[in-house]
Amino acid sequence: MLIVMRNDATDKQIEAVSKVVKEMGFTPYAIPGGQRTAIGVLGNEKQVDSAPLERLSGVVNIIHVSQPYKLVGREMRQEDSVVEVGPVKIGAGRLVVIAGPCSVESREQMMSTAKFVVKQGASILRGGAFKPRTSPYSFQGLGKEGLDLLAEAREVSGMPFVTEVMDESSLEQTVEVADMLQIGARNMQNFALLKQVGQTDKPVLLKRGMSATVKDLLMAAEYIMSEGNEKIVLCERGIRTFSDASRSTLDICAIPSIKEKSHLPLLVDPSHATGEWNKVAPAACAAVAAGADAIMVEVHPHPEKAKSDGPQSLTFEHFEQFMQQVKAIAAAAGKELFELG
Ligand code: PEP
Ligand code: MN
């Protein structure tokens, strides 16, 4: 339930309403808006009887929220949310491009990639220091050394960085240094980890699980937000289907569907969705046309030597062409590229 306050409601009236909500056994959650404050009611499984609240002064309207995801749903907050990652705003109308290698491998690889992608218009750097690999014998990431290289690349390029956390230990090592924490597809329903990142104040990039529905993704985001962290960017990265056209199937329809259901910004990752470098640009263009707020791509100076995801990584030359194509589609959709000033 959402209690909408009058636009001239006083703090005292808001407090009085919150007190009644608590007395009813629920948790009030104030949502300040541009015009007026609304108070979300959390903790109910079934529809709440709104009678005790209707007559309180300052209350203008009561809306019953029909979806199980409350805080991340549009019913609670109609305006689009904007998530700030350092100087970069995701969801504020301009297209944000995140680029970098799948895994952090070496200083030379990170510095050369960061310098190149920022020049082409990327505004956030990516790179995995802790890697969730299907095989235990595959490269598992450089760990702490990888985080140091990401921090050095941030100094060199001016781009904030996003990197994946897999468990409590990697979160502890990462939270102080990273600008944004990534929850990978394989961890989308690791509820303990979702709660832990929800207790930090870092922006979170939440990837859709390979077999997760849109509702599952939104419920995972709800876990993070109900712990107090509102800085969430959702990510469509392809799901498993019977199509053998690509590594995963990019769920294009999920883009307008998620934008309709949630106020959170949405990023699309065409690299993991397609699994092949020559399908990355077409998939990214489709995602931008369908309304994605941001795109994340894997770029490597020598994809043939990459320790992970080489086949889907763009070379520098391909990334340059990719940016031209994506910018043209964004322009046609009335969106400019977000560039660091
Ligand atoms: C990644 O972004 O490096 C990654 C492992 O992606 P996903 O969790 O989507 O597979
Ligand atoms: Mn990867």
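Along the sequence, the donor residues of the manganese ion (ligand 2) follow the spacing C-x169-H-x25-E-x10-D. His272 belongs to helix H9 (residues 270–274) and Glu298 to strand S14 (residues 294–298), so this pair ties together parts that are 26 residues apart in sequence. The model is predicted. Its chain averages a pLDDT of 96.

**Manganese site**

- Which atoms does the protein offer to the manganese ion (ligand 2)? The donors are Cys102 (SG), His272 (NE2), Glu298 (OE) and Asp309 (OD).
- These donors lie 2.0 to 2.4 Å from the manganese ion.
- Are His272 and Glu298 buried or exposed? His272 is buried, and Glu298 is buried too.

**Asp309, one of the donors**

- Asp309 sits in the loop between S14 and helix H11 (316–332).
- S14 is also the strand that holds the donor Glu298.
- Asp309 has a relative accessibility of 17%, so it counts as buried. The cut-off for buried is under 20%.
- The backbone of Asp309 has a phi near 55°. That is a positive value in a residue other than glycine.
- For context, most residues other than glycine have a negative phi.

**Domains**

- The domain assignment splits the chain into domain 1 (2–63) and domain 2 (83–332).
- The C-alpha centres of domain 1 and domain 2 are 37 Å apart.

**Largest pocket**

- How much space lies in the largest pocket? The value is about 460 Å³.
- The lining of this pocket is made up of 21 residues. Nearest the pocket centre are Gly43, Asn44, Pro68, Lys70 and Glu222.
- Both domain 1 (2–63) and domain 2 (83–332) contribute to the lining, with at least three residues from each.
- Which element gives the largest share of the lining? Helix H7 (residues 214–226) does, with four residues.
- By class, the lining holds eight nonpolar, seven polar and six charged residues.

**Confidence**

- 100% of the residues in the chain score a pLDDT of at least 70.
- Where is confidence lowest in the chain? Strand S2 (residues 27–32) has the lowest confidence, at a mean of 89.
- Confidence is highest in strand S12 (residues 232–236), at 99.

Key. Residues numbered from 1 in each chain as written. Chains lettered and ligands numbered in written order. Predicted model: local features only at pLDDT ≥ 70, side-chain atom pairs only at ≥ 80, totals over all residues. Heavy atoms only, no water. 1 Å grid on protein atoms, 1.4 Å probe; cavity = no way out; pocket = protein on both sides within 12 Å on 5 of 7 lines; lining within 4 Å. Points joined across faces, edges and corners; volume = space filled by probe spheres on them. Helix = DSSP H or I, 4+ residues; strand = E, 2+ residues; numbered from the N terminus. Nonpolar A, V, L, I, M, F, W, Y, C, P; charged D, E, K, R; others polar. Domains from an automatic or database assignment. Donors = N, O, S within 2.8 Å, 3.2 Å for Na, K, Ca; no water. Buried < 20%, exposed > 50% of the residue type's maximum accessible area, 1.4 Å probe, protein only. pLDDT = per-residue confidence, 0-100.
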